Amino acid sequence: MTSPHVHIRVQADQNDLALAAARELVHAVTHLQRTQPEVRLVLTGGGAGIATLRHLAALDHAAVRSAEDFPTERIDWNRVLIFFGDERFLPVGDPERNDTQADEALLNHVSIPDHRVFRYSSPEVSSLDDAATAYAATVREQAPEGFDIHLLGMGPEGHINSLFPHTPELMNPQDIVVPVRDCPKPPPERVSLSIDAVGSADEVWLLVAGGAKAEAAAKVAAGTDEEYLWPAALASGRKKTLLWVDKEAAAGLSD
């Protein structure tokens with residue numbers, strides 16, 4: 001059964017999913033920029049997430065090249081604030097950090113000022129707890145009313161950001177940003193937006209590819225998880241929840 005609050009977008013494969021999501025994201029952000037001064041966008045890692053960012057960079061580059069002859073929608077990056085749903089608590093520049101991957105896929109290729117990208121601190125400058133506290137303060141200051149769009153990847157067991165099934169960080173968060181220890185997926189130490197912070201976004205977009213995630217995608221489509229066994233099923237936007245799936249991940253969805 002599919003929840004009426006979850007809008008499903010099915011694409012052939014991960015690349016098609018990422019391209020379609022990137023195109024719709026350009027449209028969504030530029031539409032918001034017509035009516036508000038800034039757009040608050042939360043980025044995600046993962047295969048589908050990073051592929052979406054690469055396509056977003058390519059679309060931006062194409063829009064610049066065709067601006068004079070064939071004007072098209074283009075995000076004004078000077079009016080975007082970038083956040084990250086979670087981060088591996090690793091040194092700055094580590095290739096496993098989400099912000100490093102986002103830099104390589106998108107942020108190094110578009111005209112966004114560094115001061116508009118809000119990153120988690122690292123072991124060189126803070127403890128895990130201090131990193132969570134500092135990012136919570138940043139979110140409160142820079143996104144006091146929540147986010148506009150929160151992109152999410154998802155694991156086969158339904159984890160989002162660094163919130164895993166039936167963990168204290170998911171079920172009993174102490175703040176809008178939580179330190180994560182003993183993470184089931186390496187590295188063990190991470191920092192993550194809480195499920196409440198995810199729910200502060202007007203729109204939540206889940207980017208899901210692969211047959212291994214079909215069962216979790218079906219739980220998201222149903223929109224219920226009373227026992228905290230499928231974290232992604234708890235991710236819901238205030239105005240819209242989009243579930244982007246490729247055909248393999250869509251195999252378990254109801255018609």
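The largest pocket of this predicted model has a volume of about 370 Å³. Its lining comprises 25 residues, and those closest to the centre of the pocket are Gly45, Gly46, Met154, His159 and Lys185. Sorted by class, the lining of this pocket holds twelve polar, seven nonpolar and six charged residues. Several elements of secondary structure take part: H2, S4, helix H3 (98-105) and strand S8 (203-208) each contribute at least two residues to the lining. Helix H2 provides the largest share, with three residues.

Helix H3, one of the contributors to the pocket lining, also deserves a look in its own right. Seven of its eight residues are buried, so H3 is largely enclosed by the rest of the structure. The buried set consists of Asn98, Asp99, Thr100, Gln101, Ala102, Asp103 and Ala105. What do these residues pack against? Their partners are strand S2 (39-43), helix H2, strand S3 (80-84) and strand S4.

Strands S2 and S3 in turn belong to an open sheet of six strands, arranged in the order S1-S9-S8-S5-S2-S3 with parallel pairing. Strand S1 (6-11) and strand S3 stand at the edges; each has a single partner strand, so one side of each is left without a neighbour in the sheet. On average, and with direction ignored, neighbouring strands here are turned by 20° against each other. Within this sheet, S8 and strand S9 (residues 240-246) run parallel and are joined by six bridges. One residue pair at this junction can be picked out easily on the model: Leu206 has Leu243 in S9 as its bridge partner. Helix H1 (residues 14-33) packs on the sheet, where it touches S1, S2, S3, strand S5 (149-152), S8 and S9. The direction of H1 makes about 155° with that of S9.

A further open sheet is built from three strands in the order S4-S7-S6, and here the pairing is antiparallel. Its edge strands, S4 (86-88) and S6 (177-180), each pair on one side only. Neighbouring strands of this three-stranded sheet are turned by 15° against each other on average, again with direction ignored. Three bridges link S4 to strand S7 (residues 190-193) in the antiparallel sense. Arginine meets arginine across the strands, with Arg88 opposite Arg190 in S7. Helix H4 (residues 128-142) packs on this sheet and touches S6 and S7, its direction making about 165° with that of S6. Strand S4 thus links several parts of the description: it is an edge strand of this sheet, a packing partner of the buried residues of H3 and a contributor to the lining of the largest pocket.

Turning to enclosed space, a search of the whole structure finds one cavity of 30 Å³ or more. About 40 Å³ of space lies in this largest cavity. Which residues line the largest cavity? They are Val26, Leu56, Leu59, Asp60, Glu73, Arg74, Ile75 and Trp77. By class, five of the lining residues are nonpolar and three are charged, while no polar residue takes part. Helix H2 (residues 47-65) again gives the largest share of the lining, three residues. Helix H2 is therefore a recurring element of the model, with the largest share in the lining of the pocket and of the cavity, and with contacts to the buried residues of H3, a helix largely enclosed by the rest of the structure.

Key: Residues are numbered from 1 along each chain as its sequence is written. This is a predicted model: local features need pLDDT of at least 70, side-chain atom pairs count only at pLDDT 80 or more; totals for chains, interfaces and linings use all residues. Side-chain values use heavy atoms; hydrogens and water are left out. On a 1 Å grid over the protein atoms alone, a cavity is a set of points where a 1.4 Å probe fits but cannot get out, and a pocket is an open set with protein on both sides within 12 Å along at least five of seven lines; lining residues have an atom within 4 Å of a point. Grid points are joined across faces, edges and corners, and a volume is the space filled by probe spheres set on the points. Helices (H or I, at least four residues) and strands (E, at least two) are DSSP runs, numbered from the N terminus. Ala, Val, Leu, Ile, Met, Phe, Trp, Tyr, Cys and Pro count as nonpolar, Asp, Glu, Lys and Arg as charged, and the others, Gly among them, as polar. Two strands pair if DSSP finds at least two bridges between them. Axes are lines fitted to C-alpha atoms, for helices over the stretch in contact, and angles run from 0 to 180 degrees between N-to-C directions. Contact means heavy atoms within 4.5 Å. Buried means under 20% relative accessible area, exposed over 50%, partly exposed in between (1.4 Å probe, protein chains only).
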